[in-house]
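Subject: Structure for your review

Dear colleague,

Please find below the structure that I am handing over to you. I would be grateful if you could keep it open while you read the notes.

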Amino acid sequence: PRSAGRCGCGAARSREAASLGSRVARRVSFARVSLAIAMAAPSDAGRDPFGMGTTDDGTRVDDGYLSDLLSFSVTQLNREPERLKEQGERAVIARRETAQRRYDAFVGASECYDVVRREVADVERGLEAMRASLPALRAGCQAFAQRAEQISKARAAHRRTLANQSALLDLLEAPSLQDTCVRHGNYDEALEIQSFVDKATRRHGEKKIAALAQIAEGCSKGMLKDVNGAIAPALSVATSDPHPRVRWAAVNAIGQLCTDLGPKIQEKAHAAILPALLGAMEDSSHRVQAHASAAMVNFSEGCPPEHMSSYLDALMTKLMQMLQGGHKMVQESALTALASVADNAQTAFAKYYDVVLPFLKQILIAAGSKEHRMLRAKAVECISLVGMAVGKERFAKDAKEVMDMLMQLQAGGFEDDDATTSYMQQAWTRLCKCLGADFIPYLAVVMPSLLKSAQLKPDVQVTDLEDGPGDDEEDDEVEVIAVGDKRISIRTSVLEEKATACNMLCCYVDELKEGFYDYIQPTVETMVPLLDFYFHEDVRKAAVASLPDILRAGKAAAEKGKTTDQTYFANLVNFVVPPLVAALAKEPETEIQAAMLESLADCAGVAGELISAHITSMIAEFQKTLQRSLERRAERNKRADDEDFDAEEHEALRDEQAAEDEVFDQFAECVGSLLRSLKAPVLPTIEPLLAQYVAPMLAPDRSPEERRIAVCVFDDVFEHASENGASLRYLDAFVGPCLAGCDDADADVRQASVYGVGVMAAAVGQAFAPHVPGALAALARVIQAPDARSDENLNATENAISALGKLCESQRAAIPQAEQVVPQWLSCLPLREDTVEARVVHAQLVRMLEAGDPHLLGANNEHLGKVVKVFAVAMPTAALSEKLQLCTVETREKMKSILAQMQSAMGDALGAAFASLAPEEQAALQQAMA
């Protein structure tokens, strides 16, 4: 304030001095005006309205002083210049003295000027920054308004939910309440609940059907008990309800249920579902028609081909009608359904090939406009799936034409938003699977662009948060995350293209194997560095999954003489395995850790004895990975004990625990793979892992999943490392927990345990004899349990039957009353549900018959009818798909040979056994024997 005062006072005095100097200067100037000008009378026209004249040089003239000057005498005029000069000098001196006396005023004025100048500059910068931030502010306000509107709508929905809370709870509790009533025999109450649900259906059909699909997502385990009852409400209205929205919701529910309850719902309810979907495809609403096609895709994905075969004619007729109907949405959905049906039918699709493929090629040619891009893309997909379905021989005559069309289409290029690009890449892969080695010449077309996509660098930008949002903030293809004080922008479209390309490379190397030899090196050099590509999980997953396939291809190439380098495959193993082990140590995601362990297990299986060079590093990393997993488990258990731990956090905890269990599960697969590759010599190396991590998980206080994993590891030890008695040292420690596991409450633990009983019985010989009575009792409890044939327990039961067969075959001398036990085992056959175990057991039955087992048929061939029944059930399935195959073709041929021998040796008895079969079983057996 003091300096400001000086500034004001000094400025006033400065103005006085400047005014005085100005007047003096003007007067000096006026004195120089000639007398002629002084005497001249100015005209009115040129008079200055303010009383000031102007000289020729632009100097302003004071009219008052000019009047005084005109009144001077000649003497005064002569002295006037001198007087004015003196007056001017005095004014200069006075100004100088004033400046010296009040110098601080001048300094203050200068300082004030500098301060004002800086503050004005700051204001200008602030205004500029404000102007630059206005677009972001505007966008933020708009986003806030949109979010506020969403919150308002959600709040209104929550208010409605709260107002109807009791009614909603009644509806949501109805399925479980009805199930409880049925299980406790309260059938009247169950019928009342059903009546209540039916009334709700009539009042709120669309909402109820939609809720049914949502319930299936979270309650699939309960609904699997009665899949026909679960889907019945949707089937009843899919074609009969008068409102198209309700029909659409019903079709949507059918599709959702086929996904959530498959494949059981396809096996048990196909006779009801397929006619309903075919009816919906004829709906008057295009939306319902299109959605029925989409639901057919869901159904066919989990359906054995045999269940669809009788409906193929009607289905193909309807799909072709929809394709020719002209409505784009219906055509697109019909193409997807056609592709899915072809994929399901496989060789049975051949009868429709000559009609379908020309039509698809025509779409490929005609659908060139922008609005028909998706139709063209789906036609590309469908052609490739049809080619795979009918097989190489049938597709061969059209293969070159189709490949030329696709190459021509690809050569024309695609716009960034054209979905044909991704469909094309997948089509090339399918055609590769269809044509096999014949596709190798086309690798020169597809591989350059594919490798280029796989080698794309991530488009990442890092900026400061304080810089405000960038131009890409509103770009849907850019993901923005904040890390500390930095903003990281990642273009996701680039990462997705890279991930897709990596997955396609996996498919090519898996399918072509040694035919891919020319591209193994660039592919493996691309994939290995991507093991720690932390920008995108799918890229890492693809890289991890590709490595075993690359090793298989390299091994096949070396074995078939593609290279003369004798160390080629060993070098490839050394190039792949160490980086994979190192990546496991750095991987932050539990899910990908499990995938890496799975890949290592597969690599070990392919590498065989070459993996021994890397076992030390693998075991060391296994220990670290398992220790980190145990620490995470302990931390989660500690969090779970928190009193504020709510239901949502418990759900998240279960998901995290499942991921950790997968890590241990894949570790078990790695151990199993090492045992399969290296057998007993590897046991001393993995002993620390077994003792420190696996054996403690056998304890009854560990989780069911941990107990199952531990049992599976020791199952592998006995199955693959028992030569020369190497596994005997684990027998006494394992047999107790294994037999206890046969009575475990968890069905998966029981299944692993009964499998282990069978493995030990077959692997360790007489050393298992003391444990045979206990094993028989444990297996009998599993097989004879009242709920042994329930869906939950069925696999454990059939594995127990298989284990009993191994006891009968390998431990006969130790079995009390074997002549009774063996027929009891036979009475449990055939196995029908666990098709893998069924093929093993039925092959064992054939072996025992070929060996002339004394207890199998009985002293008087009284069990012959049971053997024939097993053959009648198993033999017709040999030609079916793997999901339904109960015996292999080789086993079927041996069964036929045995029956032929029996016909010669015991014709009458065999005839009686055949007559005891049901008519459909007789027909099936006769057809299988033909």
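The notes below describe side-chain contacts, taking aromatic rings, charged pairs and the nonpolar core in turn. Please bear in mind throughout that this is a predicted model.

Aromatic rings

A pair of aromatic rings is described by the distance of the centres and the angle of the planes. Searching the whole structure gives 11 aromatic pairs. One of them is formed by Phe714 and Tyr730, whose ring centres are 6.0 Å apart and whose planes make an angle of 55°, a tilted arrangement. Phe714 belongs to helix α30 (residues 704-720), while Tyr730 is in the loop between α30 and α31 (731-741), so this pair ties together parts that are 16 residues apart in sequence. Phe714 and Tyr730 are both buried.

Phe714 also pairs with Phe734, and here the rings are stacked, with 5.3 Å from centre to centre and 25° between the planes. This second pair links helix α30, which holds Phe714, to helix α31, which holds Phe734, and the two residues are 20 apart. Phe734 is buried, as is Phe714.

Elsewhere, ring pairs join Trp428, Phe439, Tyr442 and Tyr508 into a cluster. A ring can also face a charge: the charged end of Lys498 sits over the ring of Phe533, at 5.1 Å from its centre.

Salt bridges

How many salt bridges does the count give? The count comes to 41. Three of them may serve as examples.

The side chains of Arg552 and Asp602 meet at 3.0 Å, from N to O. Arg552 lies in helix α24 (residues 537-559) and Asp602 in helix α26 (residues 590-607), so the salt bridge ties together parts that are 50 residues apart in sequence. Arg552 is partly exposed, with a relative accessible area of 27%, and Asp602 is partly exposed as well, at 30%.

Glu660 and Arg632 form a salt bridge with an N to O distance of 2.5 Å. It links Glu660 in helix α28 (residues 647-678) with Arg632 in helix α27 (residues 615-640), 28 residues apart. Are these two partners buried or partly exposed? Glu660 has a relative accessible area of 1% and is therefore buried, whereas Arg632, at 23%, is partly exposed.

Asp665 and Arg708 form the third example, at 2.9 Å from N to O. Asp665 is in helix α28 and Arg708 in helix α30, so the pair ties together parts that are 43 residues apart in sequence. Both Asp665 and Arg708 are buried. In addition, salt bridges with shared partners join Asp354, Lys361, Arg394, Lys397, Asp398 and Glu401 into one network.

Nonpolar core

In soluble globular proteins, nonpolar side chains tend to be buried together. In this model, the largest nonpolar core has 238 residues. Which residues have the most contacts inside this core? They are Phe349, Phe439, Tyr508 and Phe768. Phe439 and Tyr508 also belong to the ring cluster described above. As for Phe349, its contacts beyond four places in sequence are Met316, Leu338, Ala342, Val356, Val386, Ala389 and Val390.

When you look at the model, you might begin with Phe714, which takes part in both the tilted pair with Tyr730 and the stacked pair with Phe734.

Yours sincerely,
A colleague

Notes:
Residues are numbered from 1 along each chain as its sequence is written. This is a predicted model: local features need pLDDT of at least 70, side-chain atom pairs count only at pLDDT 80 or more; totals for chains, interfaces and linings use all residues. Side-chain values use heavy atoms; hydrogens and water are left out. Rings of Phe, Tyr and Trp (its six-membered ring) pair if their centres lie within 6.5 Å; planes under 30 degrees apart count as stacked, over 60 as edge-to-face and the rest as tilted. Helices (H or I, at least four residues) and strands (E, at least two) are DSSP runs, numbered from the N terminus. Buried means under 20% relative accessible area, exposed over 50%, partly exposed in between (1.4 Å probe, protein chains only). A charge sits over a ring if NZ of Lys or CZ of Arg is within 6 Å of the ring centre and within 35 degrees of the ring normal. A salt bridge is a side-chain nitrogen of Lys or Arg within 4 Å of a carboxyl oxygen of Asp or Glu. A nonpolar core is a set of buried Ala, Val, Leu, Ile, Met, Phe, Trp, Tyr and Cys residues joined through side-chain atoms within 4.5 Å. Contact means heavy atoms within 4.5 Å.
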